[in-house]
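Q: Please pick one part of this model and go through it closely, step by step. I would like a connected account rather than a list, with the numbers kept where they help.

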Amino acid sequence: MDTYAKIFENNRQWITTKTRTDTDFFKKLAVDQNPEFLYIGCSDSRVTAEELMGAGPGDVFVHRNVGNLVPNTDLNAMCVIDYAVRVLRVKHVVVCGHYGCGGIKAAMTPSDLGILNPWLRNIRDVYRLHHAELDGITDENLRYDRLVELNVQEQCLNVIKHAIVQQRYVSEGYPVVHGWVFDMRTGLLKDLMIDFPKLLHEIQEVYNLTDQKLFGGK
Ligand code: CO
């Protein structure tokens, strides 16, 4: 059987497996979704969103693109965040990067990459913001790993810049934004432990979109 036909065979086996333990599995799945997580990750085929989290259907609202980016003018990312926070009322928003990311590597390469240029420029901007730290790392692989982490951190800030994220957090105490990195070399998921309340505070000194004065900021 070729790999294409195998997909549909796998699907039939999956239905059998799911309904063996719960005959109403798909009946319940079709009713509604109520995920607690929004996951924003890289399109890389090796970094599966649900599998690495041990999550199943209905658990995670997912957005993936090259380099797990959240550009402030990207209609796709904006709509996903808005729907997840405003309508689904997710409790956690996760930006998950991964070591060995081709998008990060490409952005570290001095080359004209065509249509990828404006997209990867978001990562080059992260490099420029943190060039003092990154240029101080002489080992290229370590610098590459660090840029993966800093990119996740900056994309978390981009999530926090969204009005709906700020407003919901101020009124209801969620969503909380988290930065993760997946290590394909070991399978380990690392929480970068970003200080969300502190970052929110800093962001709101300039990007306060809550229509109210907070923390003595602008
Ligand atoms: Co990647």
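A: Two strands are taken to pair when DSSP finds at least two bridges between them, and that rule is the starting point for the part chosen here, the sheet and what surrounds it. The model is a predicted one. For context, the protein chain holds ten helices and five strands, and its C-alpha trace spans about 55 × 45 × 30 Å along the principal axes. Of its 218 residues, 40% are buried. Among contacts between residues at least 6 apart in sequence, 64% join residues at least 24 apart.

The five strands form an open sheet, ordered β2-β1-β3-β4-β5, and the pairing within it is mixed. At its edges lie β2, residues 60–65, and β5, residues 188–191, each of which pairs on one side only. From one strand to the next, the twist averages 25 degrees. As background to the word mixed, strands of a sheet pair through backbone hydrogen bonds, either parallel or antiparallel.

Both senses can be followed around β4, which covers residues 176–183 and is joined to β3 by seven bridges, with the two strands running parallel. Two positions show how they are set against each other: His92 stands opposite Val176 in β4, and further along Val94 stands opposite His178 in β4. Towards β5, by contrast, β4 pairs in the antiparallel sense, over four bridges, and one of the residues involved is Phe182, whose bridge partner in β5 is Leu189. The hairpin of β4 and β5 has four residues between the strands, and in this hairpin Gly187 takes a positive phi near 85 degrees. Seven of the eight residues of β4 are buried, so this strand is largely enclosed by the rest of the structure.

Part of the setting of β4 is helical. Helix α8, residues 140–160, lies across β1, β3, β4 and β5, and runs at about 155 degrees to β4. Helix α9 spans residues 163–172, and its buried residues include Ile164, Val165, Gln166 and Arg168. The elements that cover the buried residues of α9 include β4 and α8, together with α4 (75–87) and α10 (196–207). Just after α9 comes Gly173, with a positive phi of about 80 degrees. Tyr174 takes part in a contact of another kind, as Lys91 lies over the face of its ring, at 4.5 Å from the ring centre.

On the other side of β3 in the strand order is β1, and here a glycine deserves attention. Gly41 is found in strand β1, and it counts as buried because its relative accessible area is 0%, against a cut-off of under 20%. Leaving aside residues up to four places away in sequence, Gly41 touches His63, Arg64, Asn65, Asn68 and Cys96. Two of the neighbouring strands are represented in that list: His63, Arg64 and Asn65 fall within the range of β2, while Cys96 falls within that of β3. The chain near its start is well removed from this glycine, for the C-alpha atoms of Gly41 and Asp2, 39 residues apart along the chain, are separated by 29 Å.

The residue after Gly41 leads to the metal site. The cobalt ion is coordinated by Cys42 through SG, His98 through NE2 and Cys101 through SG, at 2.1 to 2.3 Å, and the spacing of these donor residues in sequence is C-x55-H-x2-C. The two cysteines link distant parts of the chain: Cys42 belongs to strand β1, residues 37–42, whereas Cys101 sits in the loop between β3 (92–98) and α5 (102–107), and the two positions lie 59 residues apart in numbering. Both Cys42 and Cys101 are buried. His98, the remaining donor named above, falls within the range of β3.

Taken together, the view runs across the sheet from the cobalt ion, with donors that include Cys42 and His98, through β3 and its parallel pairing with β4, to β5, an edge strand that pairs with β4 in the antiparallel sense.

How values were computed
Residues are numbered from 1 along each chain as its sequence is written. This is a predicted model: local features need pLDDT of at least 70, side-chain atom pairs count only at pLDDT 80 or more; totals for chains, interfaces and linings use all residues. Side-chain values use heavy atoms; hydrogens and water are left out. Donors are N, O and S atoms within 2.8 Å of the metal (3.2 Å for Na, K and Ca); water is not among the atoms, so sites may look incomplete. Buried means under 20% relative accessible area, exposed over 50%, partly exposed in between (1.4 Å probe, protein chains only). A charge sits over a ring if NZ of Lys or CZ of Arg is within 6 Å of the ring centre and within 35 degrees of the ring normal. Axes are lines fitted to C-alpha atoms, for helices over the stretch in contact, and angles run from 0 to 180 degrees between N-to-C directions. Contact means heavy atoms within 4.5 Å.
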